[in-house]
Structure formats: C-alpha cells, structure tokens
Amino acid sequence: DASMSYYLNQARRAKRKHTSLGYDRQPELLPLSARYCYKIGVFYEFQRKSDKMTKYFQEAYRNVESHYNYILRLRQGVERGVKQPETPSPRVVVSDSQELSSSTRAKASSSSPPVVPPSTPTEGE
C-alpha cells in the first residue's frame, strides 16, 4: 500500500545519508549518526519490521554511548592539560544483510568500556 512504500523510500533515503556520513572516521559526527539510525529504526517500526528496527535502535544507542565516552575522554584530557584527539571505541555496525551471532554480540558487549556518568559536585565544593 502507499504508506508502506512511502516509509520504505524514507528509510532508503535516510540510509543513503547515513552511509555517506563517514562517522566512523570523525567522532564529532556520532550524534548525527545516532539520529539517522534512530530515524531509520522508526521507519522500520512503521513498516512493522521489528528485526531491522531493533538493529538500528541498538546501533543508535551504541553511537550515543560512544560519543558520551569520547566526550568523557576529551574532558579528562582537558582537565589534565593534555589534548587527546582520540577516536571512539570500536562499535559493531549492523547492516540489513548482516546478522549478529550470539558470540559476536557477546564480544561486542564485552569489548566496550563501561559508561560512567559524570560526577556532580556536592555541597561545599
């Protein structure tokens, strides 16, 4: 029907933009990549394709998490007075034709560093 083809075309368009982004080489683009992944996931949700929807939502979350860790590393480097032009930790990028096996999923989750929330100053500091 017309709505399904519309959302399919929108998902293709967003995937094309996401692919041409180059976020894996420029960590500053991770938030934009997360936005595109989330948008693609929503379009797949509208098409009732839960497997693809889940893949893109997970990739969006990993991008946000990687960007958060990248910002923490930059902040720690600034606090120490050292410039650290680091790239984010490696992520598993999932495409439509690729399935994650349970062993790959376990390796990906064990290799990423834990997310540490920023400390908030207490009263009297």
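The exchange below goes through a few labels used for this structure and the values behind them.

Colleague: What kind of model is this, and how are its residues numbered?

Modeller: This is a predicted model, in which local features need pLDDT of at least 70 and side-chain atom pairs count only at pLDDT 80 or more, while totals for chains, interfaces and linings use all residues. Residues are numbered from 1 along each chain as its sequence is written, and side-chain values use heavy atoms, with hydrogens and water left out.

Colleague: What makes up the fold, read along the sequence?

Modeller: The pattern is α-α-α-α, with four helices and zero strands, where helices (H or I, at least four residues) and strands (E, at least two) are DSSP runs numbered from the N terminus.

Colleague: Why is Ser 33 called buried?

Modeller: Buried means under 20% relative accessible area, exposed means over 50%, and partly exposed lies in between, with a 1.4 Å probe and protein chains only. Ser 33 has a relative accessible area of 0%, and therefore it is buried; its place is in helix H2. Of the 125 residues of the protein, 32% count as buried.

Colleague: Which residues is Ser 33 in contact with, leaving aside its neighbours within four places in sequence?

Modeller: They are His 18, Leu 21, Tyr 23 and Asn 63, where contact means heavy atoms within 4.5 Å. Asn 63 is 30 residues apart from Ser 33 along the chain, and their C-alpha atoms are separated by 7.0 Å.

Colleague: Why does Arg 16 count as exposed?

Modeller: Arg 16 has 56% relative accessibility, so it counts as exposed, and this residue lies in helix H1.

Colleague: Which residues form the positive surface patch?

Modeller: Arg 13, Arg 16, Lys 17, Arg 35 and Lys 39 form it, and the elements that give two or more residues to the patch are helix H1 (2-19) and helix H2 (30-46). H1 gives the most, with three residues. Patch residues have over 30% relative accessible area and no salt bridge (a side-chain nitrogen of Lys or Arg within 4 Å of a carboxyl oxygen of Asp or Glu), and like charges are joined within 9 Å. Lys and Arg count as positive.

Definitions and conventions
Patch = residues over 30% accessible without salt bridge, like charges linked within 9 Å, V, L, I, M, F, W, Y side chains within 5 Å. Areas by Shrake-Rupley, 256 points an atom, 1.4 Å probe, with all protein chains shown as cover. Charge placed at Lys NZ, Arg CZ, Asp CG, Glu CD.
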